[in-house]
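Biologist: I'm new to this protein and would like a close look at one part of it. Could you walk me through a single spot and then lead me outward from there?

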Amino acid sequence: MTTSNSRKDNMCMIEILTNLLLWISFLSSVQGTHDQDYAKQILNLAKKDKDWLVSVRRKIHENPELRFQEYNTSALIRSELDKLGISYEYPFAKTGIVAQIGSGSPPVVALRADMDALPLQELVQWEHKSKIDGKMHGCGHDAHTTMLLGAAKLLYERRKNLQGTVRLLFQPAEEGGAGASYMIKEGALGNAEAIFGMHVDYTIPTGSISSISGPALAAVSFFGARIEGTGGHAAEPHNSVDPVLAASFVILALQNLISREVDPLHGQVLSVTYVRGGTAFNIIPPYVEIGGTLRSLTTEGLNQLKKRVKEVIEGQASVHRCKGYVDMKELEFPIYPACVNDENLHKHVERVGRVLLGPENVKDGKKALAGEDFAFYQEMIPGVMFSIGIRNEEVGSIHSPHSPYFILDEDALPIGSAVHTAIAEMYLNGGILSS
């Protein structure tokens, strides 16, 4: 009897497990169908806006404006928001805009795009190249702005579905101006509890995205130094104090900071990018100027590197009877903290990417020692800076940002709008979905 009852119990358990697996399979099938329908709907709506998106992007591209000078760009965005009937606040950080869509109640999620161009001469010959000499949208900010504007349109059209609020930050002065820090000081984040930013990436194909958890982009600062000696005739070096020699030892000693004082597993870079001295072949100059950049995947690492740079320059100059003066250029180029992506929000981005674009189009992100003032937002609330692919050999979209030959694959514009939209909607309506 005991054996018989045991068999019955086992059979009952097997039946329960079988039914449970069937139910899980059914739910997965339903969820998969829902995801496919959702992705198709969002992408189709975004693609219908492509001509408008391309038109907006080209207007911005033709009229690039440098940091804190984005008045025409800002006016164009506000004009489009007015046409769409979307409310916004202006100005933030001189030219910035914050639009808001949804219930006005928590939860609140923020999306951010930067608007500024580069002091760069565009060398791409096409109908809509920059009309302003020496200025170019060579980093994709015209695309970022356009994608966020496209998302604003989609989110507003679908606002009844939002179970919360979306704040859309159109930000000036990412390129060295720390515009994000000014946006924060003036209240642009509002009650946002999370923020997402997106940057074009020429290394992954159009139609894909990539993200990474943890340290993603570097803390960045710049430095300049003046090494003063005593000038004199090159035939009588003993009657001078040679700052050229001192500068040479300074540069070599600075490189030793990375090779001998930094853990090889910690990403840091120190690059001396200019040396300026005398103008004659036979004269030892009275001073030499050098400068460059410091980068670290941790803010703490950058602070330590800054301290040692000052000590080394002043010390090496003194050893060679010169005086060294160091300027960390913080007024001209504010120091950027490291960009560290929140793990849960990173998983949310990947989940959205798999639903919207397919698992094969969600790539593993890579750390880089480029800087991004998005990091200022991440010091306040959890955030993720992720990448959207624009690589397309057929249209020449193969050049890196900050290149005068930079070209954007405009097919990425509606995709970016859709990704922004889905990230906000899925965050508000379903929370941070597990992968």
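**Around Y90 and helix α3**

Modeller: Happy to, and let's begin with one tyrosine: setting aside residues up to four places away in sequence, Y90 touches S74, R78, T95, G96 and I97. Please keep in mind that this is a predicted model. Y90 sits in strand β1, which covers residues 88–92. With a relative accessibility of 34%, Y90 counts as partly exposed, because that value falls between the 20% limit for buried and the 50% limit for exposed.

Two of the residues on that list deserve a second glance. The side chains of Y90 and R78 are joined by a polar contact of 3.4 Å. As for S74, 16 residues separate it from Y90 in sequence, and the two C-alpha atoms are 9.2 Å apart in space.

Now look at what follows Y90 along the chain. The peptide bond joining Y90 to P91 is cis, with omega at about 0°, and P91 is placed in strand β1 as well. A little further on comes A93, in the loop between β1 and β2. A93 is not a glycine, yet it has a positive phi of about 50°. A93 is also buried, with a relative accessible area of just 3%.

If you keep following the chain, you meet another cis peptide bond, this one between P106 and P107, with omega at about -5°. P107 belongs to the loop between β2 (96–102) and β3 (108–114).

Let's go back to the other side of Y90. Its partners S74 and R78 have numbers that fall within helix α3, which spans residues 71–84. Helix α3 packs against helix α2 (residues 50–62) at an angle of about 155°, and the two axes are 10 Å apart. An angle over 145 degrees counts as roughly antiparallel, so that is how α2 and α3 run relative to each other. The way α2 passes α3 is a right-handed crossing. On the α2 side, the contact is made by W52, V56, K59 and I60, and on the α3 side by T73, L76, E80 and L84. Sorted by class, the residues of this contact are five nonpolar, one polar and two charged.

One of those residues, E80, makes a good stopping point. E80 lies in helix α3 and is buried, its relative accessible area being 6%. The side chain of E80 makes a polar contact of 3.1 Å with the side chain of W52. Leaving out neighbours within four places in sequence, E80 is in contact with W52, V56 and L149.

That last name, L149, takes us to another helix. Helix α4 covers residues 141–157, and α3 packs with α4 at an angle of about 15°, their axes being 11 Å apart. This makes α3 roughly parallel to α4, and their crossing is right-handed. The residues making the contact are I77, E80, L81 and L84 from α3, together with T145, L149, A152, K153 and Y156 from α4. By class, there are six nonpolar, one polar and two charged residues in this contact. E80 and L84 are therefore worth finding in your view: both are named in the contact of α3 with α2 and again in the contact of α3 with α4.To place this spot in its surroundings, step back to the whole protein. There are 10 helices and 16 strands in it. Its C-alpha atoms fill a box of roughly 110 × 65 × 45 Å along the principal axes. Of its 435 residues, 50% count as buried. Among contacts with a separation of 6 or more, 81% are between residues 24 or more positions apart.

For another stop elsewhere in the chain, try T293, which is placed in strand β12 (residues 287–296). T293 counts as buried, at 9% relative accessibility. Its side chain makes a polar contact of 3.1 Å with the side chain of R295. Not counting residues up to four places away in sequence, T293 touches V220, S221, F222, F223, V269, L270 and S271.

How values were computed:
Residues are numbered from 1 along each chain as its sequence is written. This is a predicted model: local features need pLDDT of at least 70, side-chain atom pairs count only at pLDDT 80 or more; totals for chains, interfaces and linings use all residues. Side-chain values use heavy atoms; hydrogens and water are left out. Helices (H or I, at least four residues) and strands (E, at least two) are DSSP runs, numbered from the N terminus. Buried means under 20% relative accessible area, exposed over 50%, partly exposed in between (1.4 Å probe, protein chains only). A polar contact is a pair of N or O atoms within 3.5 Å; within protein, one must be able to donate a hydrogen and the other to accept it, and residues adjacent in sequence count only if both atoms are side-chain atoms. Contact means heavy atoms within 4.5 Å. Axes are lines fitted to C-alpha atoms, for helices over the stretch in contact, and angles run from 0 to 180 degrees between N-to-C directions. Angles under 35 degrees count as roughly parallel, over 145 as roughly antiparallel, 65 to 115 as roughly perpendicular and the rest as oblique. A crossing is left-handed if the near helix is turned anticlockwise from the far one by less than a right angle, and right-handed if clockwise. Ala, Val, Leu, Ile, Met, Phe, Trp, Tyr, Cys and Pro count as nonpolar, Asp, Glu, Lys and Arg as charged, and the others, Gly among them, as polar.
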